[in-house]
Amino acid sequence: MSDQKRRRKLDPSASSSASISKKPRASSSSNYAQDLRKQLKPDADILSSLRRLSAATSAAASSQKPVSISDLDLSSSCREVTDLDSFAVVHSIERLILSVARSILSGQGFSFDVPSRASSNQLYVPELDRIVLLDKSSSRPFANLSTVRKATITARVLSLIHAVLLRQIHVTKRDLFYTDVKLFGDQNQSDAVLDDVSCMLGCTRSSLHVVASEKGVVVGRLVFLDDGDRIDCTRMGIGGKAIPPNIDRVSGLESDALFVLLVEKDAAFMRLAEDRFYNRFPCIILTAKGQPDVATRLFLRRLKVELKLPVLALVDSDPYGLKILSVYMCGSKNMSYDSANLTCPDIKWLGVRPSDLDKYRVPEQCRLPMTEQDVKAGKDLLEEDFVKRNEGWVKELEMMIKTRQKAEIQALSSFGFQYLTEVYLPLKLQQRDWL
């Protein structure tokens, strides 16, 4: 075979759809991976393209006025919450309890009017590209056998939050649960009522001074103040800097990054941090180590809004990787009432995509068969409105379900432990074929 024919055979852009669908052999995959390395352009060319992307994102963010629910003529009214200071939240709790006391003294007992967070009371709004909560509520009376326990938990959580705010301190959700274990029974109960209370009072959950334990981490070209202490995220080692659970203590964000790289899992994050990927391609790298917590979502949105940077995402090629990405983009159904503060709708899906498995000839032994539960999760995603409006997502999900194959980011390590940072990601940044 001539050199010209060999190069044409190895060039992914010249491959036919028939050849791409063939199962890669381990021997040819290694050679192909080496050939892809040769297709990389000089870093200066890739950086030039990234600078144009960063400038365009910044210009668009500066010129476009954010669209809010009030700007839209929706057929149904929606409920959203805002950040409130401690005094305002304390005042709202006291007014609520006074109304409860009046109801009891009048002989009517008491009941809480709780916004419904059921799926049937949620709406995806294309103009906002996120999920919002409609304004339907349900009654939670104390004098009812089916709701008496929930009403009691609601009153107890209100009392605890009131005490926390008066002391001007922050507590974790776990702290809250352990104040009355016998009543709450399970932390899921106190966590759920905490979200109910946030909806009732019309404030964000962070306004209640109840936070989750530290989970997310960040590393790279970012400097900020954490409660007055200067943090340089280029000096945080491979573990990164833990994202503070109470984001209100973060201020003074500074960065010379060209983009934010959002990573699904801790293993990929550590590889990127150890290889100092952010020095080769100036970026901020963060992860929530799986399902995103509120603090990481708030922190990402602040990076996006205040620094006006594009966000590129690296997740596993499976339905759950896409579910995690969708939470960052358009919000979770559990916290749809606060989607305005927690979402970044225009995140670009960098990889790993189902089409990448054959495009980059990931060996068969590094791919995993999808379970029936995986397939169902993929089909459920295809029914989501935010997926239907994105042709690229639909195409990739349909391919995943058809092949019944999934793969983790670490599957790329079959070509070498540093293949992710030295070849795959630079090629992805070079190609700009993001979804």
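How far apart do the end C-alpha atoms of residues 259-429 lie, and how much of the span is helix and how much strand? In this predicted model, the end C-alpha atoms of that span lie 11 Å apart, and the span is 51% helix and 13% strand. UniProt, in an unreviewed entry, places the feature "domain: Topoisomerase 6 subunit A/Spo11 TOPRIM" at residues 259-429.

Confidence varies along the protein, whose mean pLDDT is 86, with 93% of the residues reaching 70 or more. The two extremes among its helices and strands are set out below.

| Element | Residues | Mean pLDDT |
|---|---|---|
| helix α2, lowest | 17-20 | 37 |
| strand β13, highest | 259-263 | 96 |

Over residues 1-22 the pLDDT stays under 50, and for this stretch the model has 18 contacts beyond four places in sequence.

Turning to the interior, the largest nonpolar core holds 53 residues, of which L222, F299 and I347 touch the most other members. Helix α12 (residues 294-307) gives the most to this core, contributing seven residues. Leaving aside residues up to four places away in sequence, F299 touches V218, L222, F224, I243, I247, V250 and L286. A second core, separate from this one, has 42 residues, including L36, F269, L272 and I285.

Helix packing can be described for one pair, in which helix α5 (residues 86-105) and helix α6 (residues 148-167) meet at an angle of about 145°, with their axes 10 Å apart, and the crossing of α5 and α6 is left-handed. On the α5 side the contact is made by S86, V89, V90, I93, E94, L96 and I97, while α6 brings L158, I161, H162, L165 and L166.

Terms used
Residues numbered from 1 in each chain as written. Predicted model: local features only at pLDDT ≥ 70, side-chain atom pairs only at ≥ 80, totals over all residues. Heavy atoms only, no water. pLDDT = per-residue confidence, 0-100. Helix = DSSP H or I, 4+ residues; strand = E, 2+ residues; numbered from the N terminus. Contact = heavy atoms within 4.5 Å. UniProt positions renumbered as here; feature names shortened; annotations may be inferred. Core = buried A, V, L, I, M, F, W, Y, C linked by side-chain atoms within 4.5 Å. Buried < 20%, exposed > 50% of the residue type's maximum accessible area, 1.4 Å probe, protein only. Axes fitted to C-alpha atoms, helices over the stretch in contact; angles between N-to-C directions. Left-handed = near helix turned anticlockwise from the far one by under 90°.
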